[in-house]
Amino acid sequence: AERPVAAPIEGNEAACSNCYCLVCDARVSECRHWRGGEPRVPAHCNAHAGSAEWRTQRSNAKRQRTRSARAARDPLGLC
């Protein structure tokens, strides 16, 4: 799907134990949004690199992970 949708499309949710979520960059088993379920969060199983919207979501997720990692290393923001 070009535009992110809330539910899996055409069996996209099928994955093996080695599959990774394009958006979360984590194993599918660790992706909270793989099958969707939340109204404002599209199902990550539909993500593909050919979509600008999915690439933006991936970039935003990576930025958030980086911020979280920095905060964990430096909780007071001194560095």
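Among contacts in the protein chain between residues at least 6 apart in sequence, what percentage join residues at least 24 apart? The answer is 51%. Some notes from my read-through follow.

1. First, a caveat: what you have in front of you is a predicted model. Please read every value below as computed from that prediction.

2. On the overall fold, there isn't much secondary structure to list: the protein chain has 1 helix and 0 strands. The helix is α1, covering residues 52-73. Both of the cysteines I picked out sit ahead of that helix, with Cys24 in the segment before α1 and Cys45 in that segment too.

3. As for dimensions, the C-alpha atoms of the protein chain fit a box of roughly 50 × 25 × 25 Å along the principal axes. The chain has 79 residues, and 24% of them are buried. It exposes about 5,700 Å², with carbon and sulfur atoms supplying 50% of that area.

4. Now for charge. The protein chain carries 13 positive and 8 negative charges, and the mean positions of the two sets lie 7 Å apart. On the surface there is a patch of positive charge where Arg63, Arg67, Arg70 and Arg73 gather.

5. Arg73 deserves a closer look, as a member of that patch and a residue of helix α1. Is Arg73 buried or exposed? It counts as exposed because its relative accessibility is 64%, and the cut-off for exposed is over 50%.

6. Over to Cys24, in the segment before α1. Setting aside neighbours within four places in sequence, Cys24 is in contact with Cys31, His44 and Arg65. Of these partners, Arg65 has a number that falls inside the 52-73 range of helix α1. For a sense of spacing, Cys24 and Ile9 are 15 residues apart along the chain, and their C-alpha atoms are separated by 19 Å.

7. Cys45 is also in the segment before α1. Why does Cys45 count as buried? Its relative accessibility is 8%, and buried means under 20%, so Cys45 falls in that class. Not counting residues up to four places away in sequence, Cys45 touches Pro8, Asn12, Glu13 and Trp34. Between Cys45 and Ser29, the separation is 16 residues in sequence and 11 Å in space, C-alpha to C-alpha.

8. To pull the local points together: Cys45 is buried, whereas Arg73 is exposed and belongs to the positive patch on the surface.

How values were computed:
Residues are numbered from 1 along each chain as its sequence is written. This is a predicted model: local features need pLDDT of at least 70, side-chain atom pairs count only at pLDDT 80 or more; totals for chains, interfaces and linings use all residues. Side-chain values use heavy atoms; hydrogens and water are left out. Patches are made of residues with over 30% relative accessible area and no salt bridge: like charges are joined within 9 Å, nonpolar side chains (Val, Leu, Ile, Met, Phe, Trp, Tyr) within 5 Å. Accessible areas come from the Shrake-Rupley method with a 1.4 Å probe; for residues, only the protein chains shown count as cover. A salt bridge is a side-chain nitrogen of Lys or Arg within 4 Å of a carboxyl oxygen of Asp or Glu. Lys and Arg count as positive and Asp and Glu as negative; His and the chain ends are not counted. The place of a charge is taken as NZ of Lys, CZ of Arg, CG of Asp or CD of Glu. Helices (H or I, at least four residues) and strands (E, at least two) are DSSP runs, numbered from the N terminus. Buried means under 20% relative accessible area, exposed over 50%, partly exposed in between (1.4 Å probe, protein chains only). Contact means heavy atoms within 4.5 Å.
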